[in-house]
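Student: Could we go through this structure together? I would like to see how each label follows from the computed values.

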Amino acid sequence: MKHRAVKRRSVVLGIGATAGVAAVGGIALTAQAENKKGGSAASGALVFAPDAYTTLTTTVTDAAGTEHEVTYRFWKAITYVSKPVDEAYQSLNISVPVKIDGKTVDATGAPILFANSVGGYMPSSVAEATGVGGGGTGGGTAPSGAASASAAPSATASSADSSTGTESGSAAQQAGGKMVSLPPLGLAAGYVVVEPGARGRTLKNSAGEYYGTAPAAIVDLKAAVRYLRANKGRVPGDTDRIFSTGTSAGGALSALLGASGDSPIYDKYLKEIGAADASDAIFATGAWCPITDLEHADGAYEWNWGTNKLSTGAQVDQTVSKELKSQFAEYQAGLKLRGRGGFGTLTARNYDEYLLKTYLQPSATTYLAALSAADRETYLAKNTFISWDGKNATFTWADFLTHVGARKKDAPAFDLFTFPTDSSDAMAGDINNEFGQGTEQYRHFTLYSLREDKGSSARLASDIPEKLRLMNPMHHLVDQPNAGRTKHWWIRLGSSDSDTALTVSANLAAAADQLGDDVSHLYYWDAGHGANEDAGDFIEWIAKTAGHKSA
Ligand code: DHB
């Protein structure tokens, strides 16, 4: 279903031919007016060119279904590093509203919605976008020549309409869930919208080397943040109020971007690509179904979905499943995380109860309470495992697992025992590819799968521990709590999402909560991978959290 329902998109202004010098915020700077990309990578200065925009008009349907006509300035494909490896990915777009429903708005001090469109840890480019939302819902739009991302993750398989905020995507729709393109919604709310591209795992150069594997994507997103902050006062929006968003792999990267703000462990990578010398800390993180904590995800997956059958009806290898599950128990004990709401220390023994009480039963309750009496009756008649006392839904963990049904992934879910030999399914061995290096497309990142594959004395490649730290937000929240992290978290997950374990985002939320951060974490009842069912609330949360009054 590829359609573009763009109602109107008109170029009103070109780049001023004589706009050589502009004074912004009292600083006179040379605008790179001749550089139509609006960037200045060629000069190495990474100075934002305020005049290099076009003016566009589009119609945005907000989360409540109301249409808004938005006129906005659009800066396209600004290269955000001075030594790019691949500008098609290492560039960002900026959209700034100037008129909403006929009313002039000033977004100079507005929060910045920093929306990545990464899906499946694939490359994502905004360089060819013709307006806001060009990165889609998180699908890793790839320019020609790069691996197509359309074969990628279910969350992102459908194309997002670039100016309509909401759409139903296939996977989430099947499991009952709405997918949303946040950039148009942010724009219509009066925020500055920045859409960064980033390298991804499938990019390969002529020498056969993979140049977008870990940690490329997070390094690029940090470089994009640094570009904005280096241009504080020049670039529209409040660079101290950056709200990062992403879904799935993009959610993982958004969480990581938030957790790892200003961590020095990325410095050498940032230097390599000529990132601006500025802070990469962000104010807030929005993460939908983050596929993160990858090196522990196989164990968590078996703890969660271990006894659920595959969609083929097959049971996964229960010996493998149990071994992985016991790894989760050990990992979870080591985290020493307290459950939110005074639950006590989370363990593999009590995590089912924690999920039920903290998230799943409240989620079902919210869902049922919102239904009409007749619809609720129908739903309850179909789902007799739920007890409804008129106010609250209760059920057991075993019944919940049965209700979700088929698990999406085999065991192990992430670090495969054997690597794919044909590349027709871009998501097969996705995380092995993410940890690939040089000409090696796939590598193991857990000792367990490595040894299953290569024998009991095999050792992980020596760089893997560092790569894992670079890619895992839990490292920055639990192992080495990072003072530069975001303090505001919005985390969401569909209750039927078996792309990873339900514990992954719950651990992330508990870790941030334990550090005293402001955490909003909810599960969408019966929703699948990639769902976003309260986008309007998120857009409001931005203003509230930022202390922003609309202009
Ligand atoms: C995504 C989904 C996955 O199942 C996965 O392993 C990695 C990424 C995604 O939708 O981005």
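Tutor: Gladly! A polar contact is a pair of N or O atoms within 3.5 Å. Keep in mind that this is a predicted model.

Student: What makes the pair between His529 and the ligand a polar contact?

Tutor: An N or O atom in the side chain of His529 is 2.9 Å from an oxygen atom of the ligand. That value is within 3.5 Å, so the pair counts as a polar contact. Asp499 has a side-chain N or O atom 2.6 Å from a ligand oxygen, and a polar side-chain atom of Lys409 also lies 2.6 Å from an oxygen atom of the ligand. On its own the ligand has 300 Å² of accessible area, and the protein covers 98% of that.

Student: Which classes of residue make up the shell around the ligand?

Tutor: The shell has 6 nonpolar, 4 polar and 3 charged residues. Of the 13 residues around the ligand, Gly120, Ser248, Lys409, Asp430 and Asp499 come nearest.

Student: Why is Lys467 called buried?

Tutor: Buried means under 20% relative accessible area. Lys467 has 7%, so Lys467 counts as buried. This lysine sits in helix α13, residues 464-471, and its contacts beyond four places in sequence include Tyr269, Phe435 and Arg443.

Student: Which residues touch the most other members of the largest nonpolar core?

Tutor: Ile94, Leu355 and Phe400 do, in a core of 106 residues. Helix α3 (residues 216-230) gives the largest share, 9 residues. A second, separate core has 32 residues, among them Leu187 and Phe538.

Notes. Residues are numbered from 1 along each chain as its sequence is written. This is a predicted model: local features need pLDDT of at least 70, side-chain atom pairs count only at pLDDT 80 or more; totals for chains, interfaces and linings use all residues. Side-chain values use heavy atoms; hydrogens and water are left out. A residue is near a molecule or strand if one of its heavy atoms lies within 4 Å of it. A polar contact is a pair of N or O atoms within 3.5 Å; within protein, one must be able to donate a hydrogen and the other to accept it, and residues adjacent in sequence count only if both atoms are side-chain atoms. Accessible areas come from the Shrake-Rupley method with a 1.4 Å probe; for residues, only the protein chains shown count as cover. Ala, Val, Leu, Ile, Met, Phe, Trp, Tyr, Cys and Pro count as nonpolar, Asp, Glu, Lys and Arg as charged, and the others, Gly among them, as polar. Helices (H or I, at least four residues) and strands (E, at least two) are DSSP runs, numbered from the N terminus. Buried means under 20% relative accessible area, exposed over 50%, partly exposed in between (1.4 Å probe, protein chains only). Contact means heavy atoms within 4.5 Å. A nonpolar core is a set of buried Ala, Val, Leu, Ile, Met, Phe, Trp, Tyr and Cys residues joined through side-chain atoms within 4.5 Å.
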